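The following exercises are to be worked through with the sequence and the structure at hand. Each task is followed by a stepwise solution.

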Amino acid sequence: MITANETPEELTIEFENLIKLLDDEDENIYGSIKERFISHGNPSSEFLRNYSGSENILVKKRASEIISIINFEDTEQKFLRLIERDDPDILEEAVFLIAAMNYPGISINEYGSQLDLIAKEIDQLLKSSDIPDNINILDTLNIINEYLFFKKGYKGNEENYYDPDNSYMNKVMDDKKGIPITLSILYLFITRRLGLPVYGLSLPGHFILKYADEKEEFFIDPFNKGIIISVKDAQNFIKKI
């Protein structure tokens, strides 16, 4: 929203002046800066997107916060419409709506196409396996893990676990790193496309996945390169913590 007395050039100048103060440690100054950015709505959001990946951690955090506030109302309405559809399979759209709060303008369809391609390439690997006629589920999961975590390089972000970008699925896919729940969701999207019975499972302090069919049950830890855990190992893990 540009006021009648402000040209786009004047607005840019104001934004450039405001951004210089965004890492001021005085919370009152930050409050004033935040209000000015919020008052301009979407133009502020577009400008601040350039700083949501800043090496200055405080600038990055505050830019992300302001973008989220600006985009919250629009995203809230989209969530309400999503819920009203009464569709049980809304997880994929929902996680990218969350990402859009901080990264407005991302294309859900584009990331969906990337997921389709990943699943297609894994499917081709499964079909071209040395044991395609009698491939078991452990072989299947190992091929998926090899592709995602070693060929593509997805990994748990142990170095910067609390980086907000670990919670935005677009950044997880772009940067190939995340936290247990986002890496598990990514894995879940792939296995759904492959028609595998994989489900989310929240352990105390950790999030993993469970493969379960009529005969077998395994646990998968995407944060630790897809390590496959037996039921007994999972029980021991829970007992330890």
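**Exercise 1: A helix pair**

In this predicted model, α5 and α9 are roughly antiparallel to each other. Determine which angle supports this description, and which residues of α5 and α9 make the contact.

Solution.
- Step 1. Locate the two elements: helix α5 spans residues 91–102 and helix α9 spans residues 180–193.
- Step 2. Consider their axes, which come within 11 Å and cross at roughly 150°. Angles over 145 degrees count as roughly antiparallel, and α5 and α9 are therefore assigned to that class.
- Step 3. Assign the hand: the crossing of α5 and α9 is left-handed.
- Step 4. List the contact residues. Helix α5 contributes Leu91, Glu92 and Val95, while α9 contributes Ile185, Leu188, Phe189, Arg192 and Arg193.
- Step 5. Classify the residues of this contact between α5 and α9: five are nonpolar, none is polar and three are charged.

**Exercise 2: The surroundings of α5**

Establish how many of the twelve residues of α5 are buried, and against which helices the buried residues pack.

Solution.
- Step 1. Apply the cut-off: buried means under 20% relative accessible area.
- Step 2. Identify the buried residues of α5, which are Glu92, Ala94, Val95, Phe96, Leu97, Ala99, Ala100, Met101 and Asn102.
- Step 3. Draw the conclusion: because nine of the twelve residues are buried, α5 is largely enclosed by the rest of the structure.
- Step 4. Name the packing partners of these buried residues: α4 (57–84), α6 (108–127), α8 (169–175) and α9.

**Exercise 3: An open sheet**

Describe the order and pairing of the four strands in the open sheet, and identify the helix that lies across β4, β5 and β6.

Solution.
- Step 1. Write the strand order, which is β3-β4-β5-β6, with antiparallel pairing.
- Step 2. Find the edges: β3 (198–203) and β6 (227–229) each pair on one side only.
- Step 3. Note the twist: on average, neighbouring strands of this sheet are turned by 35° against each other, direction ignored.
- Step 4. Examine one pair in detail. Six bridges join β3 to β4 (residues 206–212), and Tyr199 has Lys210 of β4 as its bridge partner.
- Step 5. Add the helix: α7 (residues 137–151) lies across β4, β5 (217–221) and β6, and runs at about 150° to β6.

**Exercise 4: A glutamate in α1**

Decide whether Glu14 counts as buried or exposed.

Solution.
- Step 1. Place the residue: Glu14 belongs to helix α1 (residues 8–19).
- Step 2. Compare its relative accessibility with the cut-off. Glu14 has 15%, and therefore counts as buried.
- Step 3. Inspect its contacts. Apart from neighbours within four places in sequence, Glu14 touches Glu6, Arg36 and His40.

Key:
Residues numbered from 1 in each chain as written. Predicted model: local features only at pLDDT ≥ 70, side-chain atom pairs only at ≥ 80, totals over all residues. Heavy atoms only, no water. Axes fitted to C-alpha atoms, helices over the stretch in contact; angles between N-to-C directions. Parallel < 35°, antiparallel > 145°, perpendicular 65-115°, else oblique. Left-handed = near helix turned anticlockwise from the far one by under 90°. Contact = heavy atoms within 4.5 Å. Nonpolar A, V, L, I, M, F, W, Y, C, P; charged D, E, K, R; others polar. Buried < 20%, exposed > 50% of the residue type's maximum accessible area, 1.4 Å probe, protein only. Pairing = 2+ DSSP bridges.
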